[in-house]
Amino acid sequence: MQLHYVFSHLQNSFRARKSLASVPNCNSVLELCAVLYHQGFLSSIQRGDIHGPDALPTITTRQNVATRRLWLGLKYFEGKPVLHYIRAVSKPSRKVNLTPSELLQFAKGRKVSFVNGLEPAEVGIVETKHGIMSIDDAIKNNLGGNVICRVK
Amino acid sequence: MVKSYTRYEPTEFFGVIASSGCNILGQPSSSAKSVGRAIVGGLESVLEWDLKTGQLLSKWKDSDCSAKVTCIANFDEMYAVGYADGSIRLWKDGELLITLNGHKSAVTTMDFDKMGTRLASGSMDTDIIVWDIVAETGLFRLRGHKDQITKLLFITPPSKNTAEETVVDTDIDSGDMDVDSKSSDSFLLSVGKDSFMKLWDLSIQHCVETHVDHQGEIWAMCVSPDAKRCLTAGTGSDVKVWEISFPDDNNFTPTTKAFQQLGTFTRQSRDRPITLAYDVSNRYVVFQAHDRLLEVFRLRSSAELEKILNRRRRRKKSEDVSITLKDEYEPFALIRTTARASSVAWIPGNRTPTLVTSLQNNSIEVYALDVKSEGSAAPLTERASRISAIEIPGHRADVRTLALSANHDVILSGANGSLKLWNKKTTSCIRTIECGYVLAASFINNDKCIVSAYKSGELEVYDIASSSLIERIQAHDGAIWDLAVGHDGTYFATASADHTVKLWSLKSSFDFVPGTTRKVTTLKLEQTRQIDFTDDVLAVKISPDGRFVAASLLDNTVKVYYLDSLKFFLNLYGHKLPVLSMDISYDSKLLVTCSADKNVKIWGLDFGDCHKSIFAHQDSIMEVTFQPDTYNFFTCSKDREVRYWDGKSFDLILKLRGHHSEVWALAVGPTFVVSGSHDHSIRLWEQGDDLVFLEEERERELEEQYESTLVSSYENAEADGEVKDGDVAAVTKQTIESLKDGEKILEAITIGIEDLDQEIQYRLDLLKSPGKARGPRNPILAHLGVSAEEYVLNTFKKIRSSHLDDALLVLPFEHVLSLFRFIDIWASRKWSIPLVSRIIFFLLRTYHRQLTTTVKMRPLLNNIRSSLRGSLQEERSLIGYNAAGLSYLRHEWELTHNTSLEDIDSTSLEVDGKKRAFSNIV
C-alpha cells in the first residue's frame, strides 16, 4: 500500500495538536508505526474501528475489516510536537533503492545518488525484504532496500 | 529579606537494643511473672527492658549529653551511668539526679560502697575518683595506674564487723558524730591494663598494696560476696585466685600483704576476657570473653571437697594428698550464644541461677542454669537453656536502606538478614521479615507490597498485610545495588553489578489454587526492558515526571536515558570517584549526585550542565535526597553527619549530629528525615518551630568552637600543673557550665564589693554630716532591693553543688580576698552555714599558702573562725536534740500501736461470739 497518505496524515495530526490519530489497518502501516513507536515518536498503538480504539479485544473478520483502524497516541513535550516532520524519500515517480554500503553513506549524512544524507537527529526508515525497519537496524543486519521516508 | 529555613531537631531514635561497649545489669522484676529486667546502654541513652515480654520499660536520656554510655553501676534502684566524654550521671526512677564531671576520657568502671553514699569510678585516663553522692562532689582523685582501669571494687574487711559494732555503740553513747567515718572505713581494689592490681586505703587515700603477678593486661576481676576470694583474669588462659585476709588492725607494713595468690584454674576460651562475676549465693562464677562462649564454674562445698579428699586418700593409700583449685572450681556449664557476647550479668531474685547477656549483634538473651544436672553425666553444653531473647526491636546488622510509605506513617528499614516496618509515631516495630542481605527496598502497589533487592541478585515481593512472600525472581547475575520506583508506583528499575539496568512492571495474573478449580489473583513481576552498560551500575533513578531514567556507573559518570524509548540523552561527567547516590527534583529539572570523592554536584537536566560542585562532607557521601516539593536536599555521609542544603543558593543550612557511626541510609518526608546508621540506630529528625538564618548559624558555630577551645586550654593548663602532684589530687574538671558559673560569681563579687565600699563610705559620711543623701547604687541591686552580701549569697545558691568547686577555681586571687569579706558577714549573721562552710573549706584548702602569707587577712580569718564556730556548735546541738526527740516519739508510737492492736483483737473476738477464746497478749 502507498504510505504517503500516512505520512501527511501523521504530520497534520501533530500540527493540529491531536492526542490520537487513526491510520488504515494493514501490515505495512503497522510495521511503520512500530518503528516510529520504538524510536520514541509515538506513545501507543491500539487497534480499533472508525469510531475509536477498542474497549474490548475484537477479532478482525471479513464482515468488519472495512471499519478496522489503527489508533496512534501522539506525543508532545512542553507544548511542542515530538515529531516535527515526516517526509517521503522514495516516490512513485522515482524509487530510491540503496545497497547496504550506500545506506551506510546515507546514514553518515553524505549525498547518495541524488538524495541528500540524513541530518543530525533524523531517523531514516527502510523497507527491506525482512520488513520495514529503521536504517540503523538495516545497516546492522547488512540489508539494503527502499528508503521510504525520513523523520525528525 | 533574608531567607529563612525551618530547623530540624532530633526527636527519637530506635532500632537499638543493646550497644556493644557497655555492660549489662540484671535486676529482679516488680511482677512475679517476669524473669527480670535488663538495664543496658543504648548509644547515648540507657534502656530498661522487660526480659519476659521484650518491652522497653523506660529510656533515660539527657538532652545535654551526646556521648555514648560506656558503663553502668547500681545501688538498689539508683544507677550511675558513665559516658564516653568522662561524665557520670545518676538516675533514679528515670529521673536525672546528679551530673558529675571529673574524668577526661571515657569512664570504664564504677562501684558503689555498701551504704550507697560513695561512688568510685575508673577511667581510660588512668585516674580513680571517689565521689560523695550526698554532697555531690568529688572527694579525691587516686593516681597510680599507668593504663586504663578495667575494674574497681569496694572491699570492707569482714573481720572487723564485731569490733565495728562495739565501736559504733560506744560512739553513739558518747555523743560523738564520727559514726559514718568509722563504719564506712573500707578499701578499694583496682585492676588495670598496666597489669597492676592495687589496694587503696580510702581513709589515708593511698595505695597500700600493689601486685604485678600478671604478665599482661588484667581485664576482669571479681570478689566473692563474703570477701574472702578474689579472681582476676588476663590475656592468658588462666584465672588467678587470691586469698583476701586483712591485718587485724588494718595497719599495712611493707611485709604485710592482704592478698595472697593461691593458684590458677584454666578456662576454655582464649580470647580477651570481659566479665567475671560471682553469683549472689556464692556458688557459681560466670566467665565471659570476647567470643561466643560463656563459661560457668561451680564452687564445690567443703563437704564435697572432703569427700574428694577421702577418695584420693583411699586410692593412694597415703595421707599425702591435697586439694587443688581445679577441684574447687568445677566447670559446670558452657553456653554458646548466637553471636559474640559483649557483656553478661546475673539476675538476682530467681529460684534458678539466671544469666542475662547482651550480644554484639544488637540483641539480649537470657539463659537459665539447670541446677538439677549437678553430679549427673550431662555434657557441659546442655546444662543451660535459653529461656528468652529480645530481638524484635532492632536489626542484627547495620541499617542499609530506608523507605517511607506514601502517607509517611510507616518506615521500612532493611539490613543484612531482615526487613522491618516501624510505626513512625510510636517507633515500635510492626513487622519483621527474615530474608537475605537487603541492599535496597521500597514500597510498591499503593503501599500494599514491599519489593526488596539482595546482594545475591534476587528480587522478592512481600505482602505487608500477611508478611508472606509473593514472588522471588533471580533478576540479576550480580548484586542489585539500587532500586528506583516509578512515579505511579507500578514499575521500577533495578541497577546491578552485572552491567545492566532492568525495568520491571507489576502484572496481575490468575492462578488456580492447587487441588481445586478456584481462581485467585496474584501479583507477578515482569521484566519489560533492559539497558546494557560496560560497567557496574551503582545507582538508578527515575524522574518524577516519568520521562528520564538516570544510571550511575563505575566509571564515575552518570548517564541519562529517555525512559520510554531508552535512547541516550545526557552524559554527566566530572566526579573523580563513582557516584553512590542521586536524586531528581520534583519538577524534573535538577539532578543532584553525591560521590565517594566527598563532593555533591548539582546538574541541570535540560542541557546536562553542572550548576555547582560542593565539597560537602569529610568522608564518602552515601546518600542524597531532595526534600519533597522543594529544591533543598539532605546528604548523609560516613563522617556521621546528616546535612541540609539549599539547592538554589548552594548553602549549607544545618548539620544534624547525633549518629555514632557511618550513616548509610536516608529517607526524607515532607516534615521529617529518617537516617539509618552502622550503629544499628534509626534516627528521626522533625521540623521544629525555630527558624534558621544562615548568619546566625555561622556565628553559633564559631562561638561553640571558641568555647571548646577555652575548655581544652583549661584542661591543658591542669595537665601541666598535675605532673608534680603525687598519688592523690583534687577532683576538678572545667566544663562550659562551670566556666559560666565562675563568671557569674566573678560578676557578683565585683558588683557586691563596689556596693559594700559605697555603703561603708556612706556610713562614715553619715557620722560627719547627718542628713546627707545616698549615692546612686548599682542598677541590679537597686532593682532587686537587696544588699550586696545578700546578692552574692543568692548567686552562690543558684550554682549547682557539683559545679561549685570548679566555679571557685576560676576566681582570681584578689577576688578570693574580696569573697572572704562576704564570708565574714555571712558567718556573723548565720546565713546558710552549710554552704558557707563548704565554700570556706574549699578556699582554705586551695589557697592555704597564699592566705597565710597575706598579713591583712589575719584579723578577718580570726573573725570568721570565731563566728563560724559558734554557728556550728548551734547546728550540732540542734541535730542532737532532734535525734533524741525522734527516739522518744518512736517509743511513744510503739506503745500506742500495741494498744490499738489489742483493742482490735478484743472487738473481733466479741463479734465472733466464741466462749472459750484465746486472747493475744502483746
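Two strands count as paired if DSSP finds at least two bridges between them. The exercises below apply this to a predicted model.

**Exercise 1.** How do strand S42 and S43 of chain B pair, and over how many bridges?

Solution. Start with the count: strand S42 (residues 558–562) and S43(B) share four bridges. The pairing is in the antiparallel sense. One position can be checked by eye, since B:Val558 stands opposite B:Leu572 in S43(B).

**Exercise 2.** In what order do the strands of the sheet that holds S40(B) and S43(B) lie, and which strands stand at the edges?

Solution. The order is S40-S41-S42-S43, an open sheet of four strands in chain B with antiparallel pairing. Strand S40 (537–542) and strand S43 (568–572) each have a single partner strand, so one side of each is left without a neighbour in the sheet. These two are therefore the edge strands. On average, neighbouring strands here are turned by 20° against each other, direction ignored.

**Exercise 3.** Describe the sheet of chain B that contains S1 and S52.

Solution. First the order: four strands run S1-S54-S53-S52 in an open sheet, and the pairing is antiparallel. Next the edges: strand S1 (4–14) and strand S52 (663–668) each pair on one side only. The average turn between neighbouring strands of this sheet is 30°, direction ignored. Last, take one pair from the sheet: S1(B) joins strand S54 (residues 682–693) in the antiparallel sense over nine bridges. Within that pair, B:Ser4 has B:Phe693 as its bridge partner in S54(B).

**Exercise 4.** At what angle do helices H8 and H10 of chain B pack, and which residues meet?

Solution. Helix H8 (residues 788–798) and helix H10 (residues 813–829) pack at an angle of about 95°, and their axes are 10 Å apart. Angles of 65 to 115 degrees count as roughly perpendicular, and H8(B) and H10(B) are therefore roughly perpendicular to each other. On the H8(B) side the contact residues are B:Ala788, B:Glu789, B:Val792, B:Leu793 and B:Phe796. They meet B:Leu819, B:Phe822, B:Ile825, B:Trp826 and B:Arg829 in H10(B). Sorted by class, this contact has eight nonpolar, no polar and two charged residues.

**Exercise 5.** Which residues of H10(B) and H11(B) meet, and is the crossing left-handed or right-handed?

Solution. The packing angle is about 145°, with the axes of H10(B) and H11(B) 11 Å apart. H10(B) passes H11(B) in a left-handed crossing. From H10(B) come B:Val816, B:Leu819, B:Phe820, B:Ile823 and B:Trp826. From H11(B) come B:Val836, B:Ile839, B:Ile840, B:Leu843 and B:Leu844. The class count for this contact is 10 nonpolar, no polar and no charged residues.

**Exercise 6.** How does H9(B) pack on H11(B)?

Solution. Helix H9 (residues 801–809) and helix H11 (residues 833–846) of chain B pack at about 40°, with axes 11 Å apart. That angle makes H9(B) oblique to H11(B). The crossing of H9(B) and H11(B) is right-handed. B:Ser801, B:Leu804, B:Asp805, B:Leu808 and B:Leu809 meet B:Leu835, B:Arg838, B:Ile839, B:Phe842 and B:Thr846. By class there are six nonpolar, two polar and two charged residues in the contact of H9(B) with H11(B).

**Exercise 7.** Over which residues of chain B is the pLDDT below 50?

Solution. Begin with the chain: chain B averages a pLDDT of 79, and 89% of its residues score at least 70. Residues 160–185 of chain B have a pLDDT below 50; this stretch has 20 contacts in the model beyond near neighbours in sequence. For residues 900–912 of chain B the pLDDT also stays under 50, and the model has five contacts beyond four places in sequence. Where pLDDT is low, the predicted coordinates should not be read in detail.

Key: Residues are numbered from 1 along each chain as its sequence is written. Chains are lettered from A and ligands numbered from 1 in the order in which they are written. This is a predicted model: local features need pLDDT of at least 70, side-chain atom pairs count only at pLDDT 80 or more; totals for chains, interfaces and linings use all residues. Side-chain values use heavy atoms; hydrogens and water are left out. pLDDT is the predictor's confidence in each residue, from 0 to 100. Contact means heavy atoms within 4.5 Å. Axes are lines fitted to C-alpha atoms, for helices over the stretch in contact, and angles run from 0 to 180 degrees between N-to-C directions. Angles under 35 degrees count as roughly parallel, over 145 as roughly antiparallel, 65 to 115 as roughly perpendicular and the rest as oblique. A crossing is left-handed if the near helix is turned anticlockwise from the far one by less than a right angle, and right-handed if clockwise. Ala, Val, Leu, Ile, Met, Phe, Trp, Tyr, Cys and Pro count as nonpolar, Asp, Glu, Lys and Arg as charged, and the others, Gly among them, as polar.
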